[in-house]
Amino acid sequence: MKYVPDLIPDSRKVFPTYFKGSIYTPTKNNPFVTLASWVLGVFFFIGALSSANHLPLMLIFGCIGLIAIPPGQPFIERKFKFKLTPKIKLITASALFALSVPLTGYYKTVDEQIAFQQKIADEQAAKEKYIADEKEERRKDSLAFYMNLSRYLASNHKIKDAHEQLQLAAAFAALPIEKEQINKAKSNLDAITAIELVKAKKYEPALDAINSLLSYDPSNTELRYHRAICYSKTGNTEEAVNDLKMLISSGHSDAEKLHDKINPVRKKIAYYVTRCWDGSTSNSTGRGACSHHGGVKNWREPVYEEYRQYE
């Protein structure tokens, strides 16, 4: 229910000045007091924001700030329908501030405990990370050491020793890419072993080993080339030619040489022609042949065509 000023005529008023104006109309204050109120209110509002993680303290500081700022008084009076006198403001603000003091101390202790626990947790996490990083570094160093040693032994044709080093390296391989590198290195060692068998003219066991390796790595050109050698030495020339043709298409010069050796170009008579004395040819075989070209030099000169046994 809202108060309506000047509702009773002046002639009917028992106390003419009692109901004059509105009790909620703010009075003019000293500019210094107004400025001080604003400063105090903003100070407590900032305190409320800084205490956002502690709801009771935030509400207390917010209420003090609302009471302190000049627009806060008419807002409270309109909202709760009472006159907020300076005495009530002082008592309310003082009571709220007094309540905030122990809460501030309590929450400060809580924050310090949380910060201390977080510090311990951060230090523990940093320590664990350092230990894990150091362990990971040792693992990578060990893996690289055994991998490099295996390559060195392989380059010196110590294949068995190189395999042993790869077995040791496998114990330090944790990532999929590292395991793949070890598997590839093992395949390379097996390929070297197979090629050594070819060089030692042990074609049958070499062929078995190469076929097994090519089933996992069909794009390996060196293995395919040495398989062609094995095929050619074991009487499987057609299979050798098939492998060599694939290699020749990719520019493998050694494959081209071997192909020319095991599948050389041959010649056969395709048909016969009549050769005239002036070098021209004629398909005629009777009288009058080469009559305009100096006569017949050779009645049955063969014409050859080139071919390979395995096309």
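Three exercises with worked solutions follow, all on a predicted model.

**Exercise 1. Helix packing**

Task: Determine how α5 and α6 are oriented to each other, and which residues meet.

Solution:
- Take helix α5, residues 159-170, and helix α6, residues 176-199.
- Their axes come within 10 Å and cross at roughly 170 degrees.
- Angles over 145 degrees count as roughly antiparallel. α5 and α6 are therefore roughly antiparallel to each other.
- Now list the contact. From α5 come Ile159, Ala162, His163, Leu166, Gln167, Ala169 and Ala170. From α6 come Ile182, Ala185, Lys186, Leu189, Asp190, Ile192 and Thr193.
- Sort these residues by type: nine are nonpolar, three polar and two charged.

**Exercise 2. Strand order**

Task: Work out which strands stand at the edges of the three-stranded sheet, and why one side of each lacks a neighbour.

Solution:
- The sheet is open, and its order is β2-β1-β3. Pairing is antiparallel.
- β2 (281-282) and β3 (296-308) each have a single partner strand, so one side of each has no neighbour in the sheet. These two are the edge strands.
- Check the β1-β2 pairing. β1 spans residues 265-276, and two bridges join it to β2.
- For Arg275, the bridge partner in β2 is Thr281.

**Exercise 3. A glutamate in α3**

Task: Decide whether Glu77 is buried or exposed. Then find which backbone atom its side chain reaches.

Solution:
- Locate Glu77 in helix α3, residues 72-80.
- Its relative accessibility is 2%. Buried means under 20%, so Glu77 counts as buried.
- Follow the side chain of Glu77. It reaches the backbone nitrogen of Leu84 at 2.8 Å.

Methods
Residues are numbered from 1 along each chain as its sequence is written. This is a predicted model: local features need pLDDT of at least 70, side-chain atom pairs count only at pLDDT 80 or more; totals for chains, interfaces and linings use all residues. Side-chain values use heavy atoms; hydrogens and water are left out. Axes are lines fitted to C-alpha atoms, for helices over the stretch in contact, and angles run from 0 to 180 degrees between N-to-C directions. Helices (H or I, at least four residues) and strands (E, at least two) are DSSP runs, numbered from the N terminus. Angles under 35 degrees count as roughly parallel, over 145 as roughly antiparallel, 65 to 115 as roughly perpendicular and the rest as oblique. Contact means heavy atoms within 4.5 Å. Ala, Val, Leu, Ile, Met, Phe, Trp, Tyr, Cys and Pro count as nonpolar, Asp, Glu, Lys and Arg as charged, and the others, Gly among them, as polar. Two strands pair if DSSP finds at least two bridges between them. Buried means under 20% relative accessible area, exposed over 50%, partly exposed in between (1.4 Å probe, protein chains only). A polar contact is a pair of N or O atoms within 3.5 Å; within protein, one must be able to donate a hydrogen and the other to accept it, and residues adjacent in sequence count only if both atoms are side-chain atoms.
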